[in-house]
Structure formats: C-alpha cells, structure tokens
Amino acid sequence: MLPAAFDYRAPASLNEALAILKQHGDEAKVMAGGQSLIPLLKLRFSRPELVVDIARIPDLNTIKREDADGHFAIGALARHVDIENSKELATAAPMLAEAAHWIADPLVRNRGTLVGSICHADPAGDWGSVVLAFGADIVATSQSGQRVIHAQEFFQGPFTTALNPDEIVTEVRIPVAKGHSGGAYLKLERRVGDFATVAVAVQVELDGGKIAKAGIGLTAVGDRNIKAADAERHLHGKEPTDAVIAEAARLAAETAEPKDDARGSAAYKKDVVRVFVQRGLKTAVGRAREAR
Ligand SMILES: Cc1cc2nc3c(=O)[nH]c(=O)nc-3n(C[C@H](O)[C@H](O)[C@H](O)COP(=O)(O)OP(=O)(O)OC[C@H]3O[C@@H](n4cnc5c(N)ncnc54)[C@H](O)[C@@H]3O)c2cc1C
C-alpha cells in the first residue's frame with residue numbers, strides 16, 4: 001500500500017526542527033531512521049500532514065560519556081548498530097550491545113535508532129525494557145527548553161508516550177554504574193529478526209556482595225514495556241542467593257500481563273518471564289562479580 005500524501009521537511013538544525021513542530025503541532029510527525037514510521041505510513045495507520053526528517057541535524061548521532069553527570073548520553077540519531085559497536089558502551093554497559101544485537105536484522109539496525117524505538121513505544125520493542133532496567137532519563141527538547149522524563153513515566157500505553165507534539169527527544173541518559181555491575185538481555189523470538197514473544201532486560205549493581213541496585217524490564221507482556229518493580233525491591237540490599245533470585249523471578253512473572261495469541265498462551269509467556277528473569281539475574285550477577 002502507498003502512504004497518504006504528506007509534505008516533507010528536512011531541517012538542517014535542531015532549532016529549525018523545533019520551530020516547525022511548534023507551528024504544526026500534532027499534524028507533524030518526526031522521522032529519524034523511518035524503520036517504524038514508514039511502515040505505519042504505508043499501512044495508513046498514521047496519516048500526518050507533514051513528516052519532519054531529523055536525519056540531517058548535526059551532532060545528534062553521538063554516544064558520549066558525561067563523567068560530571070555520571071551518565072552516557074545516547075543521541076537521537078545514534079543507530080542500533082552504533083550502540084552494538086560502541087567500544088565504550090561494551091565495557092561500561094555491555095547489556096546495551098547485547099540488546100542491540102537482538103533487534104531485527106542488519107538492515108534495520110543500520111537505520112533505526114534507540115530513541116526512535118522508544119518514541120514509537122511498541123510494547124514489543126526491545127529498547128523500552130532496556131531503558132527501564134537501567135533507570136534511564138529521557139531528554140525532551142522543545143522551543144520552551146528541555147525537560148527530563150524518567151523512563152518509567154515515559155511509557156504511557158501502547159504506542160503512547162509522555163512526549164508533547166512539539167517535543168523532540170534529543171538524548172537518552174544511561175547512568176554509569178558506581179560499583180561492580182552486570183546485565184543481560186534475553187529474548188524469545190519465533191525466528192531470527194522477529195519481534196519478541198517475550199524478552200527481559202536485567203541490570204544489577206553489587207556492593208560488598210549485596211545487590212545495591214537492580215533493574216528489570218519486560219518486553220511484549222503488557223500494554224507497554226513493564227518495570228518489574230516488586231522484583232527489584234525484593235532484590236535490593238540482599239545477597240543474590242538462588243532463593244532470592246527465584247523469588248524475584250516469581251514476582252516479575254506476577255507483574256507481567258501477557259495475552260494469549262499466536263505466539264503462545266498467557267500462562268506460557270508468564271512462565272518464560274519467570275525463567276528468563278531467573279536466568280538473566282544469575283548471568284547479570286556473574287558478570288557483575290567479574291567486572292572490574
Ligand atoms: C523488519 C523490522 C523488524 C523489526 N524488528 C524489531 C525488533 O526485533 N525489536 C525492536 O525493538 N524493534 C524492531 N523493529 C522496529 C525498529 O527497531 C524501531 O522501532 C525503529 O528502529 C525505530 O527507530 P527509527 O529511528 O527508525 O524511528 P522512526 O521510524 O523514524 O520513528 C518512530 C517513531 O518515533 C518518533 N520519533 C523518532 N525519533 C524521535 C525523536 N528524536 N523525538 C521524538 N519522536 C521521535 C516518530 O515520530 C515515530 O512516531 C523492527 C522494524 C522492522 C522494519
């Protein structure tokens with residue numbers, strides 16, 4: 001199918017893009033890599049009057065470590081493949097590269113962006129769970145200035161975020177771990193490159209052998225990416241024994257709200273969450289112990 005007719009602008013600066021969005025409000029749609037937007041246009045699920053292509057705006061494709069603020073800043077145009085290949089992220093936050101590798105195929109990974117993925121807010125999107133597990137902050141910029149939205153508040157429902165129509169997400173901030181940290185991304189898919197039947201993101205920080213910080217995000221088991229907050233609270237301050245991990249995995253499965261569909265029954269998906277969180281936590285703790 002062909003998209004409905006739309007106007008196209010490709011601003012050369014962020015200020016110009018923000019001015020266009022301010023003028024056109026929700027008649028305009030931002031496009032980054034186009035890997036979700038273009039299919040939506042072609043299926044006519046989305047019929048914007050104007051597409052604002054931000055791909056030519058300089059300096060948005062960066063991945064920077066901001067030591068003073070204690071985070072990595074992943075710019076709006078950093079693609080999945082940039083994250084997959086980043087040497088600095090591979091050392092400091094390897095779960096990002098692990099998750100990137102699970103997304104689609106090399107064609108999509110060469111064009112699509114992390115920021116575009118979270119702005120699309122598909123409950124089956126992989127990055128949503130990753131940013132929840134890291135406790136990331138999302139920086140939304142408009143002509144009125146910048147506001148920082150915590151990942152947990154960003155996802156508001158299927159394909160719905162806390163963004164206003166005149167805002168562009170300019171970066172996602174991933175906190176740099178203070179202690180020994182490790183993570184894991186586990187994904188069940190029907191065939192290579194498919195969206196998740198179920199996936200989980202797990203990130204832990206250890207202090208003196210105990211869990212100082214734990215983040216767990218769940219993919220494709222609810223109306224949005226889900227933060228398994230009860231499981232995280234259960235882990236906090238405890239030694240990661242088998243029993244503690246098993247209970248956290250049970251709590252995470254309770255938080256999941258999957259539906260029966262062609263990929264499996266709700267009960268099956270809940271059990272996959274339990275098994276993956278248990279496995280992911282053991283892997284993440286092992287990696288944190290090895291980390292220097
Ligand atoms: C064949 C195929 C397989 C796929 N498999 C997977 C998969 O396994 N896992 C997975 O997670 N995803 C998968 N995807 C989806 C894809 O990875 C992402 O959703 C996509 O890369 C989004 O990034 P983008 O830069 O292409 O965003 P776009 O398509 O350009 O935009 C997506 C949405 O985000 C908005 N947007 C983009 N950037 C901004 C910004 N900076 N500020 C505000 N709004 C913005 C747009 O307006 C639009 O609504 C697949 C896609 C395809 C085509």
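This tour walks through the domains, the ligand and two pairs of helices. The model is a predicted one.

**Stop 1: the domains**

Colour the chain by its domain assignment. Domain 1 covers 7-53, domain 2 covers 63-175 and domain 3 covers 180-290. Now show domain 1 and domain 2 together. Their centres, taken over C-alpha atoms, are 19 Å apart. Where they touch, domain 1 supplies 13 residues and domain 2 supplies 16 residues.

Which helix gives the largest share of the side of domain 1 that touches domain 2? Select residues 14-24. This is helix α1, and five residues of that side come from it. Colour the touching side of domain 1 by class. You should find six nonpolar, five polar and two charged residues.

**Stop 2: the ligand**

Keep both domains on screen and add the ligand. Where does it lie? It sits between domain 1 and domain 2, because both give residues to the shell around it.

Select that shell next. It holds 29 residues. The closest to the ligand are Gly 33, Gln 35, Ala 104, Gly 112 and Gly 116. Five elements are worth highlighting here: β2 (28-31), α2 (37-42), α7 (114-120), α8 (126-134) and β10 (168-175). Each of them gives two or more residues to the shell. Which element gives the largest share? Pick α7: five residues of the shell come from there.

Now colour the shell by class. It has 16 nonpolar residues, 10 polar and three charged.

**Stop 3: helices α5 and α8**

Stay with α8 and add α5, residues 94-102. The two axes come within 10 Å and cross at roughly 165°. How do the two helices run, parallel or antiparallel? An angle over 145 degrees counts as roughly antiparallel, and therefore α5 and α8 are roughly antiparallel to each other. The crossing is right-handed.

Show the side chains at the contact. From α5, select Met 95, Leu 96, Ala 99 and Trp 102. From α8, select Asp 126, Trp 127 and Val 130. By class, this contact has six nonpolar residues, one charged and no polar.

**Stop 4: helices α11 and α12**

Move to residues 242-255, helix α11, and residues 266-290, helix α12. Their axes come within 8 Å and cross at roughly 145°. This crossing, too, is right-handed.

Select the α11 side of the contact: Ile 245, Ala 246, Ala 248, Ala 249, Arg 250, Ala 252 and Ala 253. Then turn to α12. Its side includes Lys 270, Asp 271, Val 273 and Arg 274. Also among the α12 residues are Val 277, Gln 278, Leu 281 and Lys 282. How many residues of this contact are charged? Five are charged, alongside nine nonpolar and one polar.

Conventions
Residues are numbered from 1 along each chain as its sequence is written. This is a predicted model: local features need pLDDT of at least 70, side-chain atom pairs count only at pLDDT 80 or more; totals for chains, interfaces and linings use all residues. A residue is near a molecule or strand if its C-beta atom, placed from the backbone, lies within 6 Å of it. Helices (H or I, at least four residues) and strands (E, at least two) are DSSP runs, numbered from the N terminus. Ala, Val, Leu, Ile, Met, Phe, Trp, Tyr, Cys and Pro count as nonpolar, Asp, Glu, Lys and Arg as charged, and the others, Gly among them, as polar. Domain bounds come from an automatic or database domain assignment. Axes are lines fitted to C-alpha atoms, for helices over the stretch in contact, and angles run from 0 to 180 degrees between N-to-C directions. Angles under 35 degrees count as roughly parallel, over 145 as roughly antiparallel, 65 to 115 as roughly perpendicular and the rest as oblique. A crossing is left-handed if the near helix is turned anticlockwise from the far one by less than a right angle, and right-handed if clockwise. Two residues are in contact if their C-beta atoms, placed from the backbone, lie within 7 Å.
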